[in-house]
Amino acid sequence: MNSPFPKSSSAAGEGRIVAKLLPDGNSGLETIVYQYPLKLITPSRPSEVRSVLVFLLSYGGGLVGGDNVNLSIEVNAGAKLSIVTQGHTKIFKSATPDIVTRQSLKVDIAPGAGLCLLPDPVQPFEGSVYEQTQIFKLAKDASLCLLDWVTQGRTARGEDWSFVRWVGRNEVWSCGDGTAASGDRLLVRDAVILDGNQVHAHLKTLRESMQSMGVVGTLLLRGPLVKSLGEFFLSEFAALPRMGARDWRNEEAKKAADDALSPLERWRAERLKMEKESKLLWSAANVRGCVVVKFGAPAVEAGRLWIGSMLCYEGSIAHSFGDHALMCMK
């Protein structure tokens, strides 16, 4: 029997989001479509007006072996879009190593627009095989805040970087003005390959090479909306104590110096103490106008607490995109 309905032109796992600037000056959605296993949700009554919020989800709470998700996003001129999750993106075990779970994200951000993507981390289960590609094309004065992080797996089940392979690639491009002399320019290509197969007996296994870290991540910042945030990370990294440095002051001198600290210096001292106690490591660098922050921590919650404290204290994300953009950091 022939169906009276037209054949769907979309494939499994495909999705599309288009954010636009509304006449009242707020941001809204022009298009939001998705197909299983991808699921996209936006609140019917937004609590924030600084940006439009979309939850990036999957049916069943994760992706099974062989799933393919392809999401495209357009943020039109002047609009702001925040994307979050409702928990770790779980990557379930593949039946065989040649069955790969894939996610692809392609984003175009127009002039004056902004995208804030601060999700929960990816959690690959033992035996999983996962590949992720995220490509961002930014027009002039467009802004991007991207957090990409991955955990060691299910620690309650004894997993410790026990997956087969995890591959992630992030690219940030600066778009030309459409003329032949001004083409797209690659600003950053950040690739991470975590392979559980020990290629040689004398080389470290993946678990050994991770040096007891339970989560590793990358934060990418570009554009005017996050310019001050990028400068904040760079200045805080420059203020880190030098390796091997010792404090030769007596207790009285230390107390006098502590009493004279500014609010920023007091916050920094508390943060440095937390970083030392939790054994968190991080770095920041400016790469062709993008600030690239790398971090690792033995525990997921230590990483979440650290990145959340940095973003909340500086304040640019809440100011430009609203508090809801930070819900995965709390």
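The following legends describe close-up views of a predicted model of a single protein.

**View 1. The fold as a whole, with its strands, helices and surface.** The predicted model contains 18 strands and 6 helices, and 43% of the 330 residues of the protein count as buried. Among contacts with a separation of 6 or more, 74% are between residues 24 or more positions apart. The accessible surface comes to about 17,200 Å², and carbon and sulfur atoms account for 53% of that area.

**View 2. The surroundings of T101 in strand β9.** T101 belongs to the strand that covers residues 101-109, and T101 counts as buried because its relative accessible area is 0%, where the cut-off for buried is under 20%. A polar atom of the T101 side chain lies 3.4 Å from the backbone nitrogen of G66. Leaving aside residues up to four places away in sequence, T101 touches L63, V64, G65, G66 and D67, and also I91, S94, V129, Y130 and E131.

**View 3. The salt bridge between E131 and R165.** The closest N and O atoms of E131 and R165 are 3.8 Å apart. This pair links distant parts of the chain, with E131 in strand β12 (residues 129-138) and R165 in strand β14 (residues 165-174), 34 residues apart. E131 counts as partly exposed, at 24% relative accessibility, and E131 is also one of the residues that T101 touches.

**View 4. The salt bridge between D184 and K137.** Here the closest N and O atoms are 3.7 Å apart. Because D184 lies in the loop between β14 and β15 (185-195) whereas K137 is in strand β12, the pair ties together parts that are 47 residues apart in sequence. Both partners are partly exposed, D184 at 39% relative accessibility and K137 with a relative accessible area of 30%.

**View 5. Helix α5 and the salt bridge between R304 and E301.** The 15 residues of helix α5 (residues 300-314) should span 21 Å at 1.5 Å a residue, and the end C-alpha atoms are 22 Å apart, which agrees. The buried residues of this helix include V300, A302, W306, I307, M310 and L311. R304 counts as buried at 7% relative accessibility, and R304 forms a salt bridge with E301 in which the closest N and O atoms are 3.3 Å apart; the two residues both lie in α5, 3 residues apart, about one turn of the helix. Just after α5, G315 takes a positive phi of about 95°.

**View 6. Loop residues with less common backbone geometry.** Most residues other than glycine have a negative phi, and most peptide bonds are trans. The peptide bond from Y36 to P37, however, is cis, with omega near 10°, and P37 is found in the loop between β2 (27-34) and β3 (38-41). S212, in the loop between α1 (206-209) and β16 (215-222), has a phi near 70° and counts as exposed at 65% relative accessibility. K279, in the loop between α4 (263-278) and β17 (281-287), has a positive phi of about 60° and counts as exposed at 58% relative accessibility.

**View 7. A nonpolar surface patch made by Y34, Y36 and Y59.** These three tyrosines make a patch of about 320 Å². Y34, in strand β2, counts as partly exposed at 32% relative accessibility, while Y36 is the residue from which the cis peptide bond leads to P37.

Definitions and conventions
Residues numbered from 1 in each chain as written. Predicted model: local features only at pLDDT ≥ 70, side-chain atom pairs only at ≥ 80, totals over all residues. Heavy atoms only, no water. Helix = DSSP H or I, 4+ residues; strand = E, 2+ residues; numbered from the N terminus. Buried < 20%, exposed > 50% of the residue type's maximum accessible area, 1.4 Å probe, protein only. Contact = heavy atoms within 4.5 Å. Areas by Shrake-Rupley, 256 points an atom, 1.4 Å probe, with all protein chains shown as cover. Polar contact = N/O pair within 3.5 Å; in protein donor to acceptor, adjacent residues only side chain to side chain. Expected span 1.5 Å × (residues − 1). Patch = residues over 30% accessible without salt bridge, like charges linked within 9 Å, V, L, I, M, F, W, Y side chains within 5 Å. Salt bridge = Lys/Arg side-chain N within 4 Å of Asp/Glu carboxyl O.
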